[in-house]
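Please keep the sequence and the coordinates side by side while reading, since the paragraphs below move from one residue to its surroundings and then to other parts of the chain.

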Amino acid sequence: MTRRIRRILLPGLNAPVFNMTQCCVPGCFNQSGSKQQSNLSFYRFPCEKREKRKIENEKLKKQVEKQKQTFSFSQISDNPERVQYYTGLPDAASVLFLEALLSRFDLKYHSDWTVQMMPLIDQLFLTLIKLKLNFGHEDLSIRFNCSRGTVTNIFTTIVSALYDILYVGMLENNIPSRAKNQTSLPDCFQPFPNCRIVLDCTEVSVCNTERLDTQSHLYSQYKGRTTLKALIGVAPNGVITFVSNLYGGSASDKAITADCGGFTIRDILPEGVSLNIPSFLTNGQFTQEEVNNNRKISCARIHVERSIQRLKLFSILHHIPHQLKKKLIRS
């Protein structure tokens with residue numbers, strides 16, 4: 001009877017028997033640590049589960065690693081077309097040049113905490129993407145695997161640093177001389193060899209405001225919407241050498257030019273300064289000399305207008321949101 005019961009309870013009696021110090025199966029009677037004989041034919045399934053769990057863990061690790069992958073400049077640096085699409089600059093060398101300039105300065109981060117989890121080249125890359133394509137901060141935070149606060153901190157810091165380095169440090173109050181301009185004078189400026197700068201106002205759209213007085217200040221009759229206006233100075237070779245403060249769209253070009261220390265009509269020109277402007281129709285018909293002069297000026301102005309148009313290829317200027325317009329407008 002005893003033998004029969006043993007055969008019923010232990011049907012794998014003929015299976016190989018091994019000595020085990022401790023079984024890997026939870027709840028097994030061999031977990032006490034004592035050396036006992038155990039029939040492993042009952043416990044093959046835990047190995048299969050372990051293999052399955054191992055495969056699942058590997059899949060999860062790959063998913064986590066994939067989520068940690070971030071967009072970086074190194075992924076596009078060898079493709080000039082992609083560099084120009086994302087940054088607005090012609091090639092990787094131009095981006096690396098800006099990084100070299102930034103690396104020489106002690107960056108003062110906008111949010112009073114330093115961004116250490118992202119290399120400087122990628123912080124610059126993020127900023128250039130924002131300027132060129134105007135992706136939202138949520139979009140950029142996903143692309144670069146960081147928080148929206150980090151995106152704001154990086155963008156504000158790098159833009160301020162580039163302004164200090166490229167404009168204040170190189171161009172402010174430093175309009176190129178006649179001699180310097182003549183070394184790269186385009187053919188359309190040959191009739192104006194002494195030209196140092198061409199001035200023109202341009203406007204960018206800005207979000208509306210609830211205050212009626214501010215709406216009136218920003219509203220542009222020419223554009224038919226609220227705008228910000230600035231005076232742009234362009235050298236004959238197409239380089240932008242002057243940018244004024246921003247004014248409300250209601251300000252006239254004449255008022256902005258005068259406020260910037262400029263001039264509007266010939267009789268108030270500073271000594272030694274000449275002014276080339278198209279002739280105005282007064283007697284119903286232009287003279288042949290006026291027609292020729294207007295044609296020459298128009299050819300030169302088109303060259304400059306293209307420079308301003310290239311500026312507007314940066315999508316961030318298509319519409320200024322309310323959080324960026326604060327403290328930008330000059331009354």
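Glu-99 counts as partly exposed, because its relative accessibility is 24% and only values under 20% are called buried. This residue belongs to helix α4, and once its neighbours within four places in sequence are left aside, Glu-99 is in contact with Leu-120, Ile-121 and Leu-124. Of these partners, Ile-121 lies 22 residues away along the chain, yet the C-alpha atoms of Glu-99 and Ile-121 are separated by 5.9 Å.

The model is a predicted one, and confidence in it varies along the chain. The mean pLDDT of the chain is 80, with 77% of the residues reaching 70 or more. Over residues 1-13 pLDDT stays under 50, and for this segment the model has five contacts beyond four places in sequence. Residues 32-36 likewise have a pLDDT that stays under 50, with ten contacts beyond four places in sequence. Statements about either segment should be read with that in mind.

Seen as a whole, the chain has twelve helices and eight strands. It holds 331 residues, of which buried residues make up 31%. Among contacts with a separation of 6 or more, 56% are between residues 24 or more positions apart.

The loop that follows helix α4 deserves a closer look. Asp-112 is found in the loop between α4 (92-103) and α5 (120-133), and its phi is near 65°, a positive value in a residue other than glycine. Most residues other than glycine have a negative phi. Asp-112 is exposed, with a relative accessible area of 74%, a value that falls over the 50% cut-off.

Another positive phi occurs further along the chain, at Asn-145, where the angle is about 55° although the residue is not a glycine. Asn-145 is placed in the loop between α6 and α7 (148-168), and with a relative accessible area of 37% it is partly exposed. Helix α6 itself spans residues 137-143 and contains Ser-141. This serine is buried, since its relative accessible area is 7%, and, not counting residues up to four places away in sequence, Ser-141 touches Cys-146, Ser-147, Arg-148 and Val-151.

Which strand is largely enclosed by the rest of the structure? Strand β3, residues 198-205, fits that description, because seven of its eight residues are buried. Eight bridges join β3 to strand β5, residues 225-234, and the two strands run antiparallel. Within this pairing, the bridge partner of Asp-200 is Ile-232 in β5.

From β5 the pairing continues to strand β6, residues 240-243, in the antiparallel sense and over three bridges. Here Gly-233 stands opposite Phe-242 in β6. β5 and β6 form a hairpin with five residues between them, and Gly-238 in the turn has a positive phi of about 95°.

Leu-246 is found in strand β7, which covers residues 246-248. At 23% relative accessibility, Leu-246 counts as partly exposed. Leu-246 and Leu-228 are 18 residues apart in sequence, and their C-alpha atoms are 6.1 Å apart in space.

Strand β3 returns when one turns to the open spaces of the model. The second largest pocket has a volume of about 280 Å³. Its lining includes Asp-200, Cys-201, Thr-202 and Glu-203, together with Tyr-222, Lys-223, Lys-229 and Asp-253, and also Glu-305, Ile-308, Gln-309 and Lys-312. The elements that give two or more residues to this lining are β3 and α11 (288-311), and the largest share, four residues, comes from β3. By character, the lining residues of the second largest pocket divide into three nonpolar, two polar and seven charged.

Asp-200 therefore links two parts of this account, because it is paired with Ile-232 of β5 and is one of the residues that line the second largest pocket, while the strand β3 has seven of its eight residues buried.

Note on methods: Residues numbered from 1 in each chain as written. Predicted model: local features only at pLDDT ≥ 70, side-chain atom pairs only at ≥ 80, totals over all residues. Heavy atoms only, no water. Buried < 20%, exposed > 50% of the residue type's maximum accessible area, 1.4 Å probe, protein only. Pairing = 2+ DSSP bridges. pLDDT = per-residue confidence, 0-100. Contact = heavy atoms within 4.5 Å. 1 Å grid on protein atoms, 1.4 Å probe; cavity = no way out; pocket = protein on both sides within 12 Å on 5 of 7 lines; lining within 4 Å. Points joined across faces, edges and corners; volume = space filled by probe spheres on them. Nonpolar A, V, L, I, M, F, W, Y, C, P; charged D, E, K, R; others polar.
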